[in-house]
Amino acid sequence: MASPRNTIGGLDINRTEICYTRCLPESRLIANVCIQPLEIGADDYWGTVNSAFDDFLKEFKIPGENIVSSLPGEYAIIKKIFLESDEDDIDDAIEWELSQQIIGSLDEYVYDYQPLADNAGGDFQNYLVVGYRNTAVDKITKLLKSKKLNPIIIDLDIFALINVYEINYEDKITLPALIIFSDTSRTKLIPTVNGNFYDIEIFDHTEEMQTIESYVEILNENITKLLAYNKKFAELGGMQVYLAGSYFSKPETVEAVLGKVKNSEVLFPFRKITCSAGMDDEKLREFSPQLAVSVGLALRDLD
């Protein structure tokens, strides 16, 4: 068995469960997966996470494993910033631009950036800048270290989904795609093309208060709104839609959405990646909506 230090663990801690995926990067292989349910609606969320984490670690002995973990994308600051192409000090320029677009001090955030392929033009370079509050990053980092794990990267769940889509649907990467990521109370719409983040639209819903018919109606309304805000994306045409998240773990929910949302299917994170976790294709497809983020995290630096 590979040493934990030769593996990458993708860890998605969300509102309903802890999802874990172990990847052997050199073999392009998913070796293990696990879904540990959380008590929904608990007063002490992080106390519930801590207890569930201990239960998870009783089954998976992974001290020292390198972990890529996620934070929810809706709480991040995500900006596209344009700089002149001949800018000498990119770091300072981005720091200044970002400081003008947030409330409070930039010292309260950790942030990173990367150049985008869709440049504004010959005189400008477009950058995607992502910031997150220090307190949230520190909380997840301390939790992992307290469990004797090695947090190497903290990413956004929405970027992990784009990553797992890009790896598994490389043959469709030039087509516009919309990833619908939904749990029991919130849905995120993530348009992407050529592996790039394009935008995000979020709406809340409560499973107990919404029939699946009303959910689909609200979903289609928000898809229409998203496309209206992103006309260039909409004009590309031929958009494919992919479902992910715990809300789509029920077959009747998936069936209802597939029947009402055009060109939709469940995102399958094992379409091009081998999984040796002891589940057949039917089981992998059953759990794929819940595992999509953790697989995307574990595959983050896969070539």
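**Entry 1: helix 1 against helix 3**

I started with helix 1 (residues 45-59) and how it packs on helix 3 in this predicted model. The angle is about 30°, and the axes lie 11 Å apart. Angles under 35 degrees count as roughly parallel, so I put helix 1 down as roughly parallel to helix 3. I noted the crossing of helix 1 and helix 3 as right-handed.

Next I listed the residues in contact. Helix 1 contributes Trp46, Val49, Asn50 and Phe53. Helix 3 contributes Lys139, Ile140, Leu143 and Leu144. I sorted this contact by class: six nonpolar residues, one polar and one charged.

**Entry 2: what else helix 3 touches**

I followed helix 3 (residues 134-146) to the strands. Helix 3 lies across strand 6 and strand 7. Its direction is at about 65° to strand 7.

**Entry 3: the sheet of strands 5, 7 and 6**

I then traced the sheet itself. It is open, has three strands, and its order is 5-7-6. The pairing is antiparallel. Which strands stand at the edges? I found strand 5 (77-84) and strand 6 (109-115) there. Each has a single partner strand, so one side of each is left without a neighbour in the sheet. From one strand to the next, the twist averages 25°.

I looked closer at one pair. Strand 6 and strand 7 (residues 124-133) are joined in the antiparallel sense by seven bridges. For the register, I noted that Tyr111 stands opposite Gly131 in strand 7.

**Entry 4: strand 9**

I moved on to strand 9 (residues 177-182). Is this strand mostly covered or mostly uncovered? I found it mostly covered, with six of its six residues buried. In a regular strand, side chains alternate between the two faces of the sheet. I checked the directions here. Ala177, Ile179 and Phe181 point one way. Leu178, Ile180 and Ser182 point the other way. Both sets are buried.

**Entry 5: the partners of strand 9**

I looked up how strand 9 is paired. It runs antiparallel to strand 10 (residues 186-193), and six bridges join the two. Strand 9 and strand 10 form a hairpin, with three residues between them. Strand 9 also pairs with strand 13 (residues 240-244), here in the parallel sense and over five bridges.

I used Ala177 as a marker for both pairings. It stands opposite Thr192 in strand 10. It also stands opposite Gln240 in strand 13.

Definitions and conventions: Residues numbered from 1 in each chain as written. Predicted model: local features only at pLDDT ≥ 70, side-chain atom pairs only at ≥ 80, totals over all residues. Heavy atoms only, no water. Pairing = 2+ DSSP bridges. Helix = DSSP H or I, 4+ residues; strand = E, 2+ residues; numbered from the N terminus. Axes fitted to C-alpha atoms, helices over the stretch in contact; angles between N-to-C directions. Contact = heavy atoms within 4.5 Å. Buried < 20%, exposed > 50% of the residue type's maximum accessible area, 1.4 Å probe, protein only. Parallel < 35°, antiparallel > 145°, perpendicular 65-115°, else oblique. Left-handed = near helix turned anticlockwise from the far one by under 90°. Nonpolar A, V, L, I, M, F, W, Y, C, P; charged D, E, K, R; others polar.
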